[in-house]
Amino acid sequence: MNYKRVLTIAGSDSGGGAGIQADIKTMSACGCYGMSAITAVTVQNTLGVESFMPIPPDIIEQQIDAVMIDIGADAVKIGMLSSSEVMLAVKKALKPYDLTNIVLDPVMVSTSGHKLMNDEAIDTLKNELLNMARIITPNIPEAEILLGEKITHQDQLPEFAMKLSNNRNVSVLLKAGHLDDKILIDVLYNAETDSITKLGSKRIYTKNTHGTGCTFSSALASFLAYGLDLESAVGKAKAYVYSAIETGAKYTLGKGHGPVHHFYSWWE
């Protein structure tokens with residue numbers, strides 16, 4: 001028997017709610033074997049990010065090589081990359097391998113509003129990494145940074161998702177959670193079929209939303225590792241995250257933004 005293998009390339013969250021900790025919890029809950037290449041060590045808890053220390057690019061490359069040479073991967077999730085040097089190291093490390101399922105979560109701002117990516121890195125992300133991905137999963141603030149435009153209502157999301165697709169070379173799941181609507185409609189632009197799919201859900205009123213972006217992108221990578229098409233994988237990832245938020249809303253952890261409940265199917 002063989003595992004479905006998913007590699008996360010992301011930062012570590014000392015509070016356990018986001019980053020590689022959330023990624024590996026999600027991958028495990030979705031039936032995959034999770035592996036990691038740590039790009040940064042953050043000092044954070046439910047109240048926010050206090051500081052972070054980037055991992056040297058050569059060490060990041062070596063982590064990726066160690067995993068790929070021995071174990072391999074059916075999908076890769078890329079999260080927090082804090083600098084151009086780190087991004088170029090990740091690109092270099094992944095390039096030799098035949099990886100079709102790369103999910104890029106362009107992590108730029110934490111839930112508490114702490115900037116996690118410098119300005120130079122934004123250009124490198126757009127010019128060097130986007131075309132490596134099968135799909136990217138920005139939220140509203142990240143989409144605004146990437147495009148240099150404001151998003152104020154949900155009717156704009158299909159247009160912005162297509163703009164983010166880098167001339168229709170990469171698919172885009174643009175998440176609506178930062179808008180104020182009671183019904184949130186995420187938009188998937190599938191570059192492979194040149195089609196738009198809208199995925200609606202009721203807003204869950206809770207402060208326990210720390211790590212939702214990491215969780216969604218990791219769930220998506222997990223379902224792609226199983227060979228699902230984009231629409232099916234995005235739909236299952238959204239359903240997983242929704243239930244994780246809904247169940248996590250019942251709990252109290254820390255004094256700030258608590259986590260979602262990654263293992264809601266196993267215990268409550």
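Which residue in E3 is the bridge partner of Val41? Keep that in mind while you get set up.

**Before you click**

This is a predicted model, where local features need pLDDT of at least 70 and side-chain atom pairs count only at pLDDT 80 or more, while totals for chains, interfaces and linings use all residues. Residues are numbered from 1 along each chain as its sequence is written, and side-chain values use heavy atoms, leaving out hydrogens and water.

**Stop 1: the whole protein**

Show everything as a cartoon. You'll find eight helices and nine strands; helices (H or I, at least four residues) and strands (E, at least two) are DSSP runs, numbered from the N terminus. The radius of gyration is 17 Å, close to the 18 Å that the globule rule gives for 268 residues, so the protein is as compact as a globular protein of that length. (That radius is taken over C-alpha atoms, and the globule rule is 2.2 Å times the number of residues to the power 0.38.) Along its principal axes, the C-alpha trace spans about 45 × 40 × 40 Å.

Now colour by burial. Buried residues make up 53% of the 268, where buried means under 20% relative accessible area, exposed over 50%, and partly exposed in between (1.4 Å probe, protein chains only).

**Stop 2: the sheet**

Select the strands. All nine form an open sheet, in the order E3-E2-E1-E4-E5-E6-E7-E8-E9, with mixed pairing. Two strands count as paired if DSSP finds at least two bridges between them. Look at the edges: E3 (48-54) and E9 (195-202) each have a single partner strand, so one side of each is left without a neighbour in the sheet.

Zoom in on E2 (residues 33-45) and E3, which pair in the antiparallel sense over six bridges. A hairpin of two residues joins E2 to E3. Here's the reply to the opening puzzle: Val41 has Met53 as its bridge partner in E3.

For a parallel pair, select E5 (residues 102-104) and E6 (residues 135-136), which are joined by two bridges. Val103 is partnered there with Ile135 in E6.

**Stop 3: two buried residues**

Select Thr8, in strand E1 (residues 5-13). Is Thr8 buried or exposed? Thr8 is buried, with a relative accessible area of 0%. Beyond residues up to four places away in sequence, Thr8 touches several others, including Ile20, Ile24, Met35 and Lys77; a contact means heavy atoms within 4.5 Å.

Next, select Leu173 in strand E7. Leu173 also has 0% relative accessibility, so it counts as buried. Among the residues Leu173 touches, not counting those up to four places away in sequence, are Ile135, Ile136, Leu188, Phe216 and Val234. You met Ile135 at the last stop, as the partner of Val103. Try drawing a distance from Leu173 to Ala10: their C-alpha atoms are separated by 19 Å, and the two are 163 residues apart along the chain.

**Stop 4: two loop residues**

Most residues other than glycine have a negative phi. Which way does phi go at Arg168? Arg168 has a positive phi of about 65 degrees, although it is not a glycine. You'll find Arg168 in the loop between helix H6 (157-163) and strand E7 (171-174), and at 44% relative accessibility it counts as partly exposed.

Finish at Asp194, in the loop between strand E8 (183-190) and E9. Asp194 is not a glycine either, yet has a positive phi of about 50 degrees. Asp194 is partly exposed, with a relative accessible area of 44%.
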